[in-house]
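Q: I should like to learn how to read the features of a protein model. Could the teacher guide me through one?

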Amino acid sequence: MNGTILVRRRDFIWAQYCIVTTFLLLTLFLYLYLEVRGDDVFARGFGVFDVGKENSVPTWFSSFNLLLSSFFLLSIFVASRRAIEKGNRYWLLLGLIFLALSIDEVAGIHERSGTLRYLFAFMVPTEITSSKFVESIQWFIDASFFTSIFALVVFVLFIPFLRQLPRRTAGLF
């Protein structure tokens, strides 16, 4: 045996779909249970499957998927570097980005960073930023802003890379 593990793409995607669906159904069950029965020992124990909580089984699953993606991307980088292919540094950058995303998913670094409210407080009237509604969706505002900027920068940086890939592969990105 040469240490090769073969998994058909269809089987891998099906397994991912089933696991994610299970997490969503468990979370739905938990929320319905909390609504009917209230918070008790069962609900607290079952909370480890809540997709809306940090440090839960779904969070670790997500982090593992990002780490696995990083491993595959870094493997492509090593293979393309050995073959002296043009643009192999893009595979390295993608691998490092996914590694950082995996670490962030588990460590919650994005949740410890400051919010836009403090960065841009001088631009928005206090009455708006101190409202209960804005405070309740502040994470969404922050995430949308930073994710949009990050995605735009990465997309612009990767345009030359996408152009050199085969059409079918580039379309998967």
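The dialogue below goes from the whole chain to its helices, its core and some single residues.

Q: What should be known about the model and its numbering?
A: This is a predicted model, in which local features need pLDDT of at least 70 and side-chain atom pairs count only at pLDDT 80 or more, while totals for chains, interfaces and linings use all residues. Residues are numbered from 1 along each chain as its sequence is written, and side-chain values use heavy atoms, with hydrogens and water left out.

Q: How many helices and strands does the chain have?
A: Helices (H or I, at least four residues) and strands (E, at least two) are DSSP runs, numbered from the N terminus. This chain has 11 helices and 0 strands; its pattern along the sequence is α-α-α-α-α-α-α-α-α-α-α.

Q: What angle do helix 3 and helix 4 make where they pack?
A: Axes are lines fitted to C-alpha atoms, for helices over the stretch in contact, and angles run from 0 to 180 degrees between N-to-C directions. Helix 3 (residues 57-82) packs against helix 4 (residues 88-107) at about 165 degrees, and their axes are 8 Å apart. Angles under 35 degrees count as roughly parallel, over 145 as roughly antiparallel, 65 to 115 as roughly perpendicular and the rest as oblique. Helix 3 and helix 4 are therefore roughly antiparallel.

Q: Which residue classes form the contact of helix 3 with helix 4?
A: Ala, Val, Leu, Ile, Met, Phe, Trp, Tyr, Cys and Pro count as nonpolar, Asp, Glu, Lys and Arg as charged, and the others, Gly among them, as polar. The contact of helix 3 with helix 4 holds 15 nonpolar, 9 polar and 2 charged residues.

Q: How is helix 1 placed against helix 3?
A: Helix 1 (residues 9-37) and helix 3 pack at about 155 degrees, with their axes 10 Å apart. This pair is therefore also roughly antiparallel.

Q: What percentage of the chain counts as buried?
A: Buried means under 20% relative accessible area, exposed over 50%, and partly exposed in between (1.4 Å probe, protein chains only). Of the 173 residues of the chain, 24% are buried. Leucine 30, found in helix 1, is buried, with a relative accessible area of 3%. Its C-alpha atom is 7.5 Å from that of aspartate 50, although the two residues are 20 apart in sequence.

Q: Which residues make up the largest nonpolar core?
A: In soluble globular proteins, nonpolar side chains tend to be buried together. A nonpolar core is a set of buried Ala, Val, Leu, Ile, Met, Phe, Trp, Tyr and Cys residues joined through side-chain atoms within 4.5 Å. The largest one here has 10 residues: Leu73, Phe77, Tyr90, Trp91, Leu94, Ile97, Val154, Phe158, Phe161 and Leu165. Helix 3 and helix 4 each supply at least two residues of this core, and the largest share, 4 residues, comes from helix 4.

Q: Is arginine 89 buried or exposed?
A: Arginine 89 lies in helix 4 and counts as exposed, at 55% relative accessibility. The buried residues of helix 4 include Asn88, Gly95 and Asp104.

Q: What is the sign of phi in asparagine 55?
A: Most residues other than glycine have a negative phi. Asparagine 55 has a positive phi, near 55 degrees. This residue lies in the loop between helix 2 (41-46) and helix 3, and is exposed, with a relative accessible area of 62%. Glycine 108, which follows helix 4, also has a positive phi, near 65 degrees.
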